[in-house]
Structure formats: structure tokens, C-alpha cells
Amino acid sequence: MILELDCGNSFIKWRVIHVADAVIESGGIVDSDQALVAEVAALASVRLSGCRIVSVRSEEETDALCALIAQAFAVQARVAHPAREMAGVRNGYDDYQRLGMDRWLAVLGAFHLTRGACLVIDLGTAAKADFVAADGEHLGGYICPGMPLMRSQLRTHTRRIRYDDASAERALASLEPGRSTVEAVERGCVLMLQGFARTQLEQARALWGQDFTVFLTGGDAPLVREAVPQARVVPDLVFVGLAMACPLD
Ligand SMILES: Nc1ncnc2c1ncn2[C@@H]1O[C@H](COP(=O)(O)OP(=O)(O)OP(=O)(O)O)[C@@H](O)[C@H]1O
Ligand SMILES: CC(C)(CO)[C@@H](O)C(=O)NCCC(=O)O
Ligand SMILES: [K+]
């Protein structure tokens, strides 16, 4: 079994899979390196033979996580690195090393699943969209604040926007105009995300007509699902790309 990690800016998503058939043994989402090691160590009957990582954190933070994993599980983690070209996809950035690895792997995963033009929308701490043409050319993409950042900017830069997580969750039962601060902010931010997604869809239509696939991934994908009903929701899209970039046997 191997451990797979997607280290985002706020959370680490992890999975333990059987390498031979990619069957998922276990998985979770944690907010620290220590919590990760504790959760994986708590799995009974799991013997790790390897580990692969995609990280958008600093090199120092990623190295520290690899060292922790080596110490806890006696495996050397493989870290996915940028490439100008891989699996038929050409990185569209002027400096290919600057493209976030989570974006690159999601794009590789999406193109692998379709072999056609695709739009990848990833809604996490940041909201990202990437475009890949049918010939594998990555055309670039967009980055803007995701739900957690929009929310915290409003809370930080205003005096009177204050509410707790439980009321935030309740506020999202509908998207009607808000009749309280929490409803107004939470619903407003969801509409921003939906607007982002719809605009990407318009761009994709302008480029490719109807001939493309939309992928939706990231922790906040459910918030825009209804706005892009044609999207394929693939929560593990980054892991699909990670397996391609870091094959283990
Ligand atoms: N079980 C969960 N734990 C934490 N966040 C969750 C969970 N389910 C959904 N979410 C939502 O997912 C969002 C974070 O998404 P994700 O985990 O994709 O971010 P990230 O990978 O840290 O960020 P990024 O990919 O932009 O670096 C949060 O806004 C949160 O509301
Ligand atoms: C945009 C984020 C923060 C999203 O996780 C990540 O992909 C990243 O750090 N990217 C580097 C900047 C870029 O992609 O242009
Ligand atoms: K991520």
C-alpha cells in the first residue's frame, strides 16, 4: 500500500491505496502534518511501501513533511515536480515551473480522462480554472480567492461582519437574498464562485463550441454544482495526475 498526499494551502488530503489496482483503502483530510501522521499511523494493518506527494507549499515545508513521513513510516516520499510537457499535455505558462503543481496535476488527470478539450475548475482556498485544448496544449488559466479567502477578507476588513461556522452552514440552505449578515455574506460569496464557474464555461464555449468536458474538483465543488450541471465532479482529480507524474510499483 502507498500513501498519497495533496498538500494544499489550508488542508492536506490523504489516501492510502493498493498500488496494483488503485483500490482505496482509506483516506481523509487534515489541517497539519502532525494530524496526518497520527491518522495514518492509527490505521490498523497498513504497511506502507511508498509515498507520493503533490504540494503547493514552500520547499522547506514540503521537505519537513517528507522527513516526518520517512521517520514515521520508513518510506521515502516522491514529490511531483513541474514539467514542460507530460502525458501529451504541454504546460502553457511562460515559465512552466511557476504553474501550481495542483493545477498541473489536475490538468494532466483531466486530459488523461478525456483525451479532448477540457476546462478544469478547482475550488479550494483559491479558485482556479485551467484550459486544455484537444491537442493537449494547456492554454493557461485563472486564479482568484476561493470561499475561505473571500469570507475571511470580509471578516478581517469590516467591523460588523462577525458570525460563527454553524450559522454559516445554515445560511447556505438557500441562495435567496440574505436577511441577516451571515446569509448575505455566505450567499454572496457562493454567487461569486458560481459566477466564476459560469464565466469559465462561457470562455470554453467561445473557444471550443460544445466540444469539451468540464471537470469540477476541490473541497468547495458542491457549492457550484448546480451552476454547471454538465460538469464531471471528480474529487480525486489531482490524485489522478499525481499517479501519472509519480508512478510507483
Ligand atoms: N472535510 C472537509 N474538511 C475541510 N474542508 C472541507 C471539507 N469538505 C469541504 N471542505 C471545503 O473545502 C474548502 C477547501 O478546499 P480544498 O481542501 O480543496 O483546499 P486546499 O487544497 O487547501 O486549497 P488550494 O487547493 O486552493 O490550495 C474549504 O472551503 C471547505 O469549506
Ligand atoms: C494558486 C494555488 C495557490 C492554488 O492552490 C497554487 O496552484 C499555487 O501556488 N500556484 C502557483 C501560482 C500559479 O499557479 O501561477
Ligand atoms: K489543492
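Which residues are the closest to ligand 1? Here is a short walk through the answer and a few other spots worth a look. Please keep in mind that this is a predicted model.

1. **Around ligand 1.** The closest residues are K13, T125, A126, K128 and D220, out of 15 that surround the ligand. You may like to show these five on screen before reading on, since several of the names come back below.

2. **Polar contacts of ligand 1.** Three oxygen contacts of this ligand are easy to look up. A polar side-chain atom of K13 is placed 2.6 Å from an oxygen atom of ligand 1, and T125 also brings a polar side-chain atom, here 2.9 Å from an oxygen of the ligand. With N9 the partner is a polar backbone atom, 3.0 Å from an oxygen atom of ligand 1. Of the 640 Å² that ligand 1 exposes when taken alone, the protein buries 74%.

3. **Where the two ligands sit.** Which pocket does ligand 2 sit in? Ligand 2 is in the largest pocket, and the space taken by ligand 1 is the largest pocket too.

4. **Around ligand 2.** The residues around ligand 2 are N9, V56, Y93, R98, L99, G100, D102, R103, K128 and I143. Two of these names have come up already: K128 is among the closest residues to ligand 1, and N9 offers a backbone atom to an oxygen of ligand 1.

5. **Polar contacts of ligand 2.** Y93 has a polar side-chain atom 2.6 Å from an oxygen atom of ligand 2. For D102, too, a polar side-chain atom lies 2.6 Å from an oxygen of this ligand. G100 takes part through its backbone, with a polar atom 2.9 Å from an oxygen atom of ligand 2. On its own, ligand 2 has 380 Å² of accessible area, and the protein covers 74% of it.

6. **I143, beside ligand 2.** This residue belongs to strand 10, which spans residues 138-145. Is I143 buried or exposed? I143 counts as exposed because its relative accessible area is 55%, and the cut-off for exposed is over 50%. Leaving aside residues up to four places away in sequence, I143 touches Y93, R103, A126, A127 and K128. Among these, Y93, R103 and K128 are also found around ligand 2, while A126 and K128 are among the closest residues to ligand 1. For a sense of scale, F111 is 32 residues from I143 in sequence, and their C-alpha atoms are 20 Å apart.

7. **E4 and its two arginines.** E4 is part of strand 1 (residues 2-7). Its relative accessibility is 0%, so E4 counts as buried. Which side chains make polar contacts with the side chain of E4? One is that of R15, at 2.8 Å; another is that of R52, also at 2.8 Å. Apart from residues up to four places away in sequence, E4 touches K13, W14, R15, I17, R52, F239 and L242. K13 links this spot to the ligand, as its side chain has a polar atom 2.6 Å from an oxygen of ligand 1.

8. **V185 in helix 6.** Our last stop is V185, found in helix 6, residues 181-208. V185 is buried because its relative accessible area is 8%, and buried means under 20%. Beyond residues up to four places away in sequence, V185 touches L154, I161 and Y163. I161 is 24 residues away from V185 in sequence, with 8.4 Å between the two C-alpha atoms.

Technical notes. Residues numbered from 1 in each chain as written. Chains lettered and ligands numbered in written order. Predicted model: local features only at pLDDT ≥ 70, side-chain atom pairs only at ≥ 80, totals over all residues. Heavy atoms only, no water. Helix = DSSP H or I, 4+ residues; strand = E, 2+ residues; numbered from the N terminus. Buried < 20%, exposed > 50% of the residue type's maximum accessible area, 1.4 Å probe, protein only. Contact = heavy atoms within 4.5 Å. Near = heavy atom within 4 Å. Polar contact = N/O pair within 3.5 Å; in protein donor to acceptor, adjacent residues only side chain to side chain. Areas by Shrake-Rupley, 256 points an atom, 1.4 Å probe, with all protein chains shown as cover. 1 Å grid on protein atoms, 1.4 Å probe; cavity = no way out; pocket = protein on both sides within 12 Å on 5 of 7 lines; lining within 4 Å. Sits in = over half its atoms within 2 Å of the grid points.
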